[in-house]
Amino acid sequence: MPDGIGAQTADDQLLISLASQGLIDGRSVERARAVAAQDQGRVDRILLRLGLVEEADLLPILCQILAVDMVDPSQARPDPNLARTLTLPYLTSRVIVPVESATSNIRIATNDPGNAALLEEIAFHLDRPVAPVGATTATIRTLLAQLETPAAQPITGSDVQAQRDAEALRRAETDGPVIRFVQEKLTDAVLQGASDVHVECAEDGYAVRFRLNGLLVPQRVDPSLDAAAVIARLKVMAGANVAERRLPQDGRLEATIAGRKVDFRFSSLPTSYGESIVARVLDPKALRLGWDRLGFDADIVARIKAILDRPSGLFLVTGPTGSGKTTTLYTAVAHLNQPRRKIVTVEDPVEYNLRGVQQVQVQEEIGLTFARVLRGVLRHDPNVILIGEIRDAETAEIAVRAAQVGRLVLSTLHTNSAAGALNRLVDLGVPEFLVRDVLRGVLGQELLLTPCTACGGAGCQTCGGTGVGGRRLTAELREY
């Protein structure tokens with residue numbers, strides 16, 4: 001186990017101990033060893049990531065091997081002074097909490113006691129040595145909630161909510177039915193080819209819907225499960241703040257589906273009856289790159305390639321949400337991606353990693369806007385720049401200027417048709433003569449529903465009652 005757990009024998013000890021207690025079988029042992037050898041990762045983290053063992057079962061054994069104490073949840077108290085020094089956001093992001101000690105030693109409760117790099121980081125911030133103590137994620141979250149709501153204060157409505165949050169966290173991280181249900185829904189979404197998973201609170205419970213072929217299709221739910229626990233599970237997986245229900249949150253979560261990793265882009269929104277969660281499926285296997293796979297006519301493909309092969313200019317893709325604009329741009333980048341070209345993308349967010357391409361994610365909350373990133377990108381001597389979306393005047397101006405001085409710029413624009421792109425840029429404040437000087441082409445695309453071949457559109461088991469069998473691409477290319 002590299003990065004803090006030590007020699008290979010520690011891996012063996014952990015796997016043997018888990019197997020001897022009946023917590024994992026021989027097949028799981030071999031699978032963990034194989035993944036560890038391939039990823040060069042730590043066996044304890046791999047076991048948890050693959051869902052082969054529960055954290056509450058693994059952690060005591062791991063702590064015994066590492067000669068690290070376990071926290072007693074009934075006795076542990078967070079250290080408010082050290083917590084203020086490290087700050088609550090830092091503690092939450094690292095899933096750690098300093099706990100009070102009868103000695104002068106600084107004790108840090110962590111669910112990852114073998115992470116030497118993390119302990120060194122904490123010691124650097126405190127300028128003092130620290131000692132880890134093992135604690136489940138649920139215990140750490142409960143202690144963090146005590147820092148947010150001190151026990152010495154009179155009990156208020158917010159205190160009651162904090163207790164509810166702690167209970168939702170406990171269930172989200174230890175309740176087998178909740179964990180299995182969320183995993184089942186994420187797996188179903190990927191296997192059915194859904195683009196998004198919607199989990200929504202209602203007055204009488206919650207609902208789960210998948211977006212399939214552009215339509216929302218209701219899914220089976222378990223009415224015995226608490227909506228708060230289901231949503232808390234998704235928020236925990238995405239690294240979001242479970243106690244924050246008043247503001248929207250964004251994140252990214254990962255699940256193992258059919259033996260491979262699949263990412264989901266997470267977003268939460270406060271509503272009248274609770275939170276609405278949307279998880280966008282980012283499955284690399286479902287990413288259809290290649291002009292022959294997208295459904296464009298051969299004539300349009302040839303014209304697009306001719307535009308892309310020009311050394312500079314602006315190429316735009318327009319269309320409604322969910323029409324495949326990003327996939328088209330990624331295909332364009334794949335066409336251009338050669339060792340003699342430097343390609344940089346500016347995206348919000350980066351959805352898929354493209355080999356050989358420098359990708360930058362916009363972070364509006366810290367001032368890293370499209371426009372600010374673009375200024376930095378221009379100093380990196382790119383041949384091709386992909387901008388996820390031109391959404392404001394400043395970004396539009398920089399994109400046009402970059403195209404004017406010898407870069408090929410690719411982007412999307414929100415207009416109803418390809419014909420409206422030029423006027424949209426002018427509306428954003430770019431002089432019309434500049435737009436006409438750099439604009440090389442605008443591709444307008446849309447995905448149209450096709451009827452299910454099994455029922456002719458009436459709705460059947462094959463199409464999930466939607467009457468839809470798929471979607472076909474329609475496109476228009478305007479050249480300038």
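**Exercise 1. A residue in a charged pair**

Does Glu389 count as buried or exposed, and at what relative accessibility? Determine also which side chain Glu389 meets in a salt bridge.

*Solution.* The structure is a predicted model.
Step 1. A residue is called buried when its relative accessible area is under 20%.
Step 2. Glu389 has 19% relative accessibility and therefore counts as buried.
Step 3. The side chain of Glu389 meets that of Arg391 in a salt bridge, at 3.5 Å from N to O.
Step 4. Arg391, at 33% relative accessibility, counts as partly exposed.

**Exercise 2. The second partner of Arg391**

Identify the salt bridge between Arg391 and an aspartate, and state where the two residues lie.

*Solution.*
Step 1. Asp348 forms a salt bridge with Arg391, and the closest N and O atoms are 3.6 Å apart.
Step 2. Arg391 is in the loop between β13 (384-387) and α16 (393-404), while Asp348 is in the loop between β11 and β12. The pair links distant parts of the chain, 43 residues apart.
Step 3. Asp348 is partly exposed, with a relative accessible area of 36%.
Step 4. Asp348 also takes part in an unusual backbone feature: the peptide bond from Asp348 to Pro349 is cis, with omega near -5°. Most peptide bonds are trans. Pro349 is found in the loop between β11 and β12.

**Exercise 3. A pair that ties a loop to a strand**

Explain why the salt bridge between Glu351 and Arg265 ties together separate parts of the sequence.

*Solution.*
Step 1. The side chains of Glu351 and Arg265 meet in a salt bridge of 2.3 Å, N to O.
Step 2. Glu351 belongs to the loop between β11 and β12 and Arg265 to strand β8, so this pair joins parts that are 86 residues apart in sequence.
Step 3. Glu351 is buried, at a relative accessible area of 14%, whereas Arg265 is partly exposed at 25%.
Step 4. In the whole structure, a search finds 23 salt bridges. Some residues are linked in a network of such bridges, namely Arg42, Asp44, Arg45 and Asp112.

**Exercise 4. A buried arginine without a salt bridge**

Which side chain of opposite charge is nearest to Arg341, and how far away is it?

*Solution.*
Step 1. Locate the residue: Arg341 is in the loop between α14 (325-336) and β11 (343-347).
Step 2. Arg341 is buried, and the nearest side chain of opposite charge is Asp309, 4.7 Å away.
Step 3. A salt bridge requires a nitrogen within 4 Å of a carboxyl oxygen. Arg341 has no salt bridge.
Step 4. Leaving aside neighbours within four places in sequence, Arg341 is in contact with Leu336, Asn383 and Val384.

**Exercise 5. Alanines with a positive phi**

Where do Ala67 and Ala258 lie, and what is the phi of each?

*Solution.*
Step 1. Recall the background: most residues other than glycine have a negative phi.
Step 2. Ala67 has a positive phi of about 60°. Its place is the loop between α4 (55-66) and α5 (80-86).
Step 3. Ala258 has a positive phi of about 50°. Ala258 is in the loop between β7 (249-257) and β8 (260-271).
Step 4. A residue is exposed when its relative accessible area is over 50%. Ala67, at 70%, therefore counts as exposed, and so does Ala258, at 68%.

**Exercise 6. Helix α10**

Which residues of α10 are buried, and what span should the helix have?

*Solution.*
Step 1. Helix α10 covers residues 176-192, which makes 17 residues.
Step 2. At 1.5 Å a residue, the helix should span 24 Å; the end C-alpha atoms are 24 Å apart, so the two values agree.
Step 3. The buried residues of α10 are Gly176, Val178, Ile179, Phe181, Val182, Lys185, Leu186, Ala189 and Val190.
Step 4. An α-helix has 3.6 residues a turn, so residues three or four places apart point the same way.
Step 5. Just after α10, Gly193 takes a positive phi of about 80°.

**Exercise 7. The chain as a whole**

How many helices and strands does the chain have, and what share of its residues is buried?

*Solution.*
Step 1. The chain has 18 helices and 16 strands.
Step 2. Of the 480 residues, 46% are buried.
Step 3. Among contacts between residues at least 6 apart in sequence, 60% join residues at least 24 apart.
Step 4. The chain carries 52 positive and 58 negative side chains, and the centres of these two sets lie 5 Å apart.

Terms used. Residues are numbered from 1 along each chain as its sequence is written. Side-chain values use heavy atoms; hydrogens and water are left out. Helices (H or I, at least four residues) and strands (E, at least two) are DSSP runs, numbered from the N terminus. Buried means under 20% relative accessible area, exposed over 50%, partly exposed in between (1.4 Å probe, protein chains only). Contact means heavy atoms within 4.5 Å. Lys and Arg count as positive and Asp and Glu as negative; His and the chain ends are not counted. The place of a charge is taken as NZ of Lys, CZ of Arg, CG of Asp or CD of Glu. The expected span of a helix is 1.5 Å times one less than its number of residues.
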